[in-house]
Amino acid sequence: MIITWHGERARRHMTNEGHCPRCGAVLELGLHVVRDCSFSRMVWLSVVPENAQSLFFLLPLGDWLLCNLKSSIRWKSEKFEWQSFFSILCWLLWKGRNLFVFSNGHSCVQKLVDTSITWTKSYAKSNSAWPQPNPLVLNTW
Ligand SMILES: [Zn+2]
């Protein structure tokens, strides 16, 4: 089963309603769900450093994803990288949107951020517990 956002379903003539069910924006497209929706925006504003916010909200989808997924900065003083935190937060925003659409469930900004921090720490911890492959061994193939 493929879940599409309302704007994409409207573009494919699967529905007449392309507005965002959460904030009422005219077209709900992919970037809207994870970045520009009013709820998503509140989440990002609470975690993106103030001096990076204008660029963060201006980049088109491809550049936005690349910029954040390639970033190796540490978020605040936490022991994990921004790219992991960013990925998990995007997924939780998408999941929260679907919870809202299909179950009328609501999310809280701080709870979503806290969950993302917990999951990112858990991911970083489990990732460091595995032995890293030795490139010399891999080169013998
Ligand atoms: Zn919205």
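**View 1. Helices α3 and α7 of the predicted model cross at roughly 60 degrees.** The axes of α3 and α7 (residues 109-129) come within 9 Å; axes are lines fitted to C-alpha atoms, for helices over the stretch in contact, and angles run from 0 to 180 degrees between N-to-C directions. That crossing angle makes α3 oblique to α7, because angles under 35 degrees count as roughly parallel, over 145 as roughly antiparallel, 65 to 115 as roughly perpendicular and the rest as oblique. The crossing of α3 past α7 is right-handed (the near helix is turned clockwise from the far one by less than a right angle; anticlockwise would be left-handed). On the α3 side the contact is made by M42, V43, S46 and V47, and on the α7 side by V109, L112 and V113. Two residues are in contact if their C-beta atoms, placed from the backbone, lie within 7 Å. By class, this contact has six nonpolar residues, one polar and no charged (Ala, Val, Leu, Ile, Met, Phe, Trp, Tyr, Cys and Pro count as nonpolar, Asp, Glu, Lys and Arg as charged, and the others, Gly among them, as polar).

Numbering starts from 1 along each chain as its sequence is written. The model is predicted: local features need pLDDT of at least 70, side-chain atom pairs count only at pLDDT 80 or more, and totals for chains, interfaces and linings use all residues.

**View 2. S116 is a buried residue of helix α7.** S116 has 23 other C-beta atoms within 10 Å; a residue is buried if 20 or more lie within that distance of its own, exposed if 12 or fewer, and partly exposed in between, with C-beta atoms placed from the backbone. Leaving aside neighbours within four places in sequence, S116 is in contact with F85, I88, L89 and L92. I88 is 28 residues from S116 along the chain, yet their C-alpha atoms are separated by 6.0 Å.

**View 3. The largest nonpolar core has 14 residues.** Such a core is a set of buried Ala, Val, Leu, Ile, Met, Phe, Trp, Tyr and Cys residues joined through C-beta atoms within 7 Å. Those with the most contacts inside it are V33, V43, F85, F86, L89, L92 and L93. Helices α2 (30-36), α3 (38-47) and α6 (82-103) each supply at least two core residues. The largest share, six residues, comes from α6.

**View 4. The whole protein has eight helices and zero strands.** Helices (H or I, at least four residues) and strands (E, at least two) are DSSP runs, numbered from the N terminus. Of the 141 residues, 20% count as buried.
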